[in-house]
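Got the viewer open? Here is a short tour, one selection at a time.

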Amino acid sequence: MTTIRRFCCNDLLRFTNVNLDHLTETFNMSFYMTYLARWPDYFHVAEGPGNRIMGYIMGKVEGQGESWHGHVTAVTVAPEYRRQQLAKKLMNLLEDISDNIDKAYFVDLFVRASNAPAIKMYEKLGYVIYRRVLRYYSGEEDGLDMRKALSRDVEKKSIIPLKRPITPDELEYD
Amino acid sequence: MASKFGFAGGIPERKVRPIWDAIDSRQFKNALKHVTTLLAKHPNSPYALALKALVLERMGKSDEAFSVSLNAKDHLFSNDSLLIDDLTLSTLQIVFQRLDRLDLATECYEHACGKFPNKMELMMGLFNCYVREYSFVKQQQTAIKMYKLAGEEKYLLWSVCSIQLQVLCGNGGDKLLVLAEGLLKKHVGSHSLHEPEALMVYISILEQQAKFGDALEILSGKLGSLLMIKVDKLRMQGRLLALAGDYTAAADIFHKILESCPDDWESFLHYLGCLLEDGSIWFDEAVNDPVHPPKFVSCKVSHLSDEQFDCQISIASTFIRKLQTDTVDNSIRCPYLATIEIERRRHLRGKGNDNDLMDGIVQYFCRFGHLACFTSDVEMFVEVFTTDKKAELLEKLMKNNDTLSASPTKTLGLSISLFKIKQQLLLGDMFKSSENDVEASCVQMFEMYCKNLPLSKDLDPQESMHGEELLSVTCNILVQLFWRTKNVGYLVEAVMVLEFGLSIRRYVSQYKILLLHLYCHFGALSVAHEWYKSLDVKNILMESMLHHILPQMLVSPLWIELNSLLKDYLKFMDDHFRESADLTFLAYHHKNYSKIIEFVQFKDRLQRSSLYLMARVETPILQLKQNADNVEDEEGILQNMKCGSHFLELSNEIGSKSLTFNEDLESRPWWTPTVEKNYLLGPFQGISYCPREILTKERETSLKRDIEKKSLLPRMIYLSIQSASLSIKEHVEVNGSVTPDITLELKLLLERFAQFLGFSLSEAIEVVKGFSNGERSVISDSNLIDWLNFIVFLNAWNLSSHELVHPDRNERRPIIWNILDSLLEKHILEKVRSMEPQLCSPWSDIQLLMQLVTEPLAWHGLVIQSCLRSCLPSSKKKKKSGSSYQSSSNMAHAITDSVQQLSLLLEDVMKWISEWNKRPEDENAEGILSLLRKDGHTEGPGRVFHILETFISSMSNADVGDRIYHSLKSWSPADVARKMMTGKLKVLMEFSTICESKLKLLQSLKQQIAHV
């Protein structure tokens, strides 16, 4: 039961139940506000009955030429609302916006190489592992760059996996 | 001019690049070297000077930086022929901003814009300055100039947003909106609009003026196509139609939304509201606090005739049934919950019957009962029933549960929902059930948890486990049993259950929060603090979560931990206030206009945060407590806070502020629904699930008083130290020039402080005098510290004013001083003597004892130090002036007696603390565990614990998997028991260290007196 709407500042004071999850990062204010100020259409929250925050997605759109893409920075769901496909709905929304409004070529995201449940979920949503980014997380753990091609990338060129892993300084975008 | 523009202030770029490079790589010394070279060639270049100021500021040399930047500014202003470029200005701006002098940066840009009125780049800089200063009117004026110059939509919108800010966040009247609308209308007429956000602002301007029809017209016209997310546009249309009172059309719109998003609960509520011509949901939106929206749906009894009502309800029902049939996705709950909501509306109208509503809930249970959110989904509907009906519903749910066949995880989910609903909603009168039944239900839940552990054996350790909630519910009921029986064993059992759960999976935040509060209740604050830290509360989460630990820490001796909590929090908030305007400018720049007002309002909300204001006051008080054993150090601290006058301002202002409360109270345990309330400290009231009656207004009033009172303290401490030293000087300088200001100001503050005690100053003085006759009925635990603080300051004031004279002039000590010493002694000894060194001795009494020592006693110590310092000659003057100690004999007696009396008192406290440490650790742990051992008893705590122990010893790794098996095998209840006690002891040891330091001070004072 989900009303998905744009995320707003007051939601930062309401998302405790979601962010207390140990895998959900609570960023600094300028991070959230930069996303809100630059990509408000990529920052959505799902609200349930009783005005409860169920989860949210934050992302952005960036890149040049055929690298113009949507990026999922965080997607998270409160424990109370898991196993209801909410993450999928939020991801689909971001994909739709990237595809239909911003005409991006693909959507990508980074995930900890050890986070098997999340990788499995993204694969179910149609994402493939595009490349491995060595020691992406605090210089310790590898990250996986996963991608899903959008309708503009007719030949699905954007998701052909890279043969070798890369280092964080080789990344085109932060 | 243009050709010169690549040159900043006429300096070629290659000469400044090394400076910037050095700054960027934080090699400030190197940067300074380059700047010095540059300045040798261009001594009067504002740019070179600005760079020097920047480097100095980054090196931490703020004063030098400020003077160099002023110099740069002077050169900028004085040289008319000088070209002013944005690079120079923006560099200066950075320096001024870092030095907290935004006004000077603005002056520079204003000057530049005056000199070159048509330069867009400079105007942009000026606009940005005004954004940083929140000067909405000047923002508007600058933006409109830019719009006139460039004709761009963006600048018009900047101006319009600045108008909106004046209306919503400033003092501008609503009439300004007409101006904003006019500007937009004219622009649309000639240029149309090109950005979706511009349209959103246009609509909001019309909506704020209640011009809903005009807004709708625009939205359905050509401009409407700017909104690319279709559902957003429909929501906007529906809302405007409803606000305009056209409910039929609005209902059609929401109907459309639901067809494409059948799970959109809010749209369903809007749809139903429109059908029943009830706009409460929109009207209440304006008055509700957006951070704490109501859990229940706003609605009122429909004014429609019975016939109309039935007809509308049947339209809704038919549509919802259709949605149910059309929906293939099993996870969509809205159409099913909608059925219950429709029944609830009928019920409110007096037309429904309980059975239909109940059936709706039962149906929903059959379909979604296994989900963790089931209970919160139906919470508002169950509230409709009477107690009997609630019980009937529970019975029906249980019956249905028995007939449902599902997978093991779903079965588990259903059972959890049943337990939750039983605990949270239905058995508000659980007190009717016998303790045995309640315990049995705990046992059942815990057994279910253990039995279902194998379901989670293959889960990733990161994933939530099946049945996790059972332990929280078990804990909640065990705590209730404690409340009911006052048998502390239940609390220990609750701790064991949660610790057990965390040993299996250490990420469950719900357990950690419950544990944190339980440990606080025992006084094992250091352990509570550890669990709080493990929640990794940072950044904005501090604002919503700090309330779990801060209030307890404020009255604890864990000063280092408290200091870091306060420091981190204030740093986060102040950083945000500093950077917020720059982020707002980012929204201007990226044309996301709707975010501009949101950002400004949010900053304003945080600035008025009750927690923030409280932390600002508590931080200096903590510093003063920490340094109270050395009057010179204390004076240094006071100097740094402008002798407390800044906090006096806060105290004066707070009354007119409206505070915001941003705590997430939902995450608090049932027994302490707000910071101020803890049911466990009072008698059992016969409710199992306490209503979270959050009376914000009341909280606001009492918190404001608290802040107002506390922010007087630094100044009063400062004045008391001064007053005490004046008292002696008067004796020395018989005709000296003693300024009466200190005495007078302290008297005024005493008058204010007395009001917090409910008296005028003269009345309060009479009350205090009465204390010497044993009349102490006005003192209670809740105002004890305030009274004693008051008497400390009163005594200090009296030392210089001598207004209060002892009736018997031959008495060897000043009257108030006498009373103060005896009150301190009485209350401290009373606490110490009444408490046994046991785990369950009431922590609130120990808290009070710690406050007595770290507050009034500490402040009194400062007064004594100050008196003594004044009458003892400093080493230089020693020979010349001799000592005045004997000359003021009353004072000398008072000091000598007081030092002696307080020393004995502290020795008593320390002796009492040492009693706690006498018992060996294992004996303590065994004592705690014995609270849970049944030893043949069938009643009382320990049943759940028994299952826990049996389970651990009987399970195998084949059942639960290696990971769970190993974590359980290494878990020890004795360790937990030990932790409970050591956690408490650690706090007491910290307290002992504080007492020891105070005792040392008193001993050194004794020595000083002896040497006179």
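What follows is a walk through two chains, A and B, of a predicted model.

**Stop 1: the annotated span in chain A.** Select residues 2-151 of chain A. The UniProt record, an unreviewed entry, puts the feature "domain: N-acetyltransferase" there. Within that span, 26% is helix and 37% is strand, and its end C-alpha atoms sit 26 Å apart.

**Stop 2: the sheet.** Switch to cartoon and pick out the strands of chain A. In what order do the seven strands of the open sheet run? Reading across, you get 1-2-3-4-5-7-6, with mixed pairing. The edges are strand 1 (3-6) and strand 6 of chain A, each of which pairs on one side only. Neighbouring strands here are turned by 25° against each other on average, ignoring direction.

Now add the helices that pack on the sheet. Helix 3 (residues 86-101) of chain A touches strand 1, strand 2, strand 3 (52-62), strand 4 (69-77), strand 5 (106-112) and strand 7 of chain A. The direction of helix 3 makes about 160° with that of strand 4 of chain A. Helix 4 of chain A packs on the sheet too, touching strand 5 and strand 7 of chain A. Line helix 4 up against strand 5 of chain A and the angle between their directions is about 165°.

**Stop 3: the hairpin.** Zoom in on strand 6 (residues 128-137) and strand 7 (residues 141-149) of chain A, which pair in the antiparallel sense over six bridges. As background, strands of a sheet pair through backbone hydrogen bonds, either parallel or antiparallel. Show V133(A) and you'll find G143(A) of strand 7 standing opposite. Then move to Y137(A), whose bridge partner in strand 7 of chain A is E141(A). Three residues lie between the two strands of this hairpin, and S138(A) takes a positive phi near 50°.

**Stop 4: one more positive phi in chain A.** In general, most residues other than glycine have a negative phi. Select K103(A), then: not a glycine, yet its phi is positive, at about 50°. Look for K103(A) in the loop between helix 3 and strand 5 of chain A. Is K103(A) buried or exposed? K103(A) counts as exposed because it has 12 C-beta neighbours inside 10 Å.

**Stop 5: where the chains meet.** Show both chains and select the contact, which takes 42 residues from chain A and 50 residues from chain B. On the chain A side, the elements that give two or more residues are helix 1 (16-19), helix 2 (29-38), strand 2 (43-48) and helix 4 (116-124). Helix 2 of chain A gives the most, with seven residues. Colour the chain A side by residue class and you should get 19 nonpolar, 17 polar and six charged residues.

**Stop 6: chain B.** Hide chain A. Chain B has 48 helices and zero strands, and its C-alpha atoms fill a box of roughly 100 × 100 × 60 Å along the principal axes. Of the 1012 residues in chain B, 44% are buried.

To break chain B up, colour by the domain assignment: domain 1 (1-117), domain 2 (395-601 + 616-642 + 685-702) and domain 3 (712-874 + 881-918). Put centroids on domain 1 and domain 2 of chain B, and their C-alpha centres come out 50 Å apart.

**Last stop.** Find D536(B) in the loop between helix 27 (525-534) and helix 28 (540-545) of chain B. D536(B) is not a glycine, but its phi is positive, at about 55°. D536(B) counts as partly exposed because 14 C-beta neighbours fall inside 10 Å.

Technical notes. Residues numbered from 1 in each chain as written. Chains lettered and ligands numbered in written order. Predicted model: local features only at pLDDT ≥ 70, side-chain atom pairs only at ≥ 80, totals over all residues. UniProt positions renumbered as here; feature names shortened; annotations may be inferred. Helix = DSSP H or I, 4+ residues; strand = E, 2+ residues; numbered from the N terminus. Contact = placed C-beta atoms within 7 Å. Nonpolar A, V, L, I, M, F, W, Y, C, P; charged D, E, K, R; others polar. Buried ≥ 20, exposed ≤ 12 C-beta atoms within 10 Å, placed from the backbone. Pairing = 2+ DSSP bridges. Domains from an automatic or database assignment. Axes fitted to C-alpha atoms, helices over the stretch in contact; angles between N-to-C directions.
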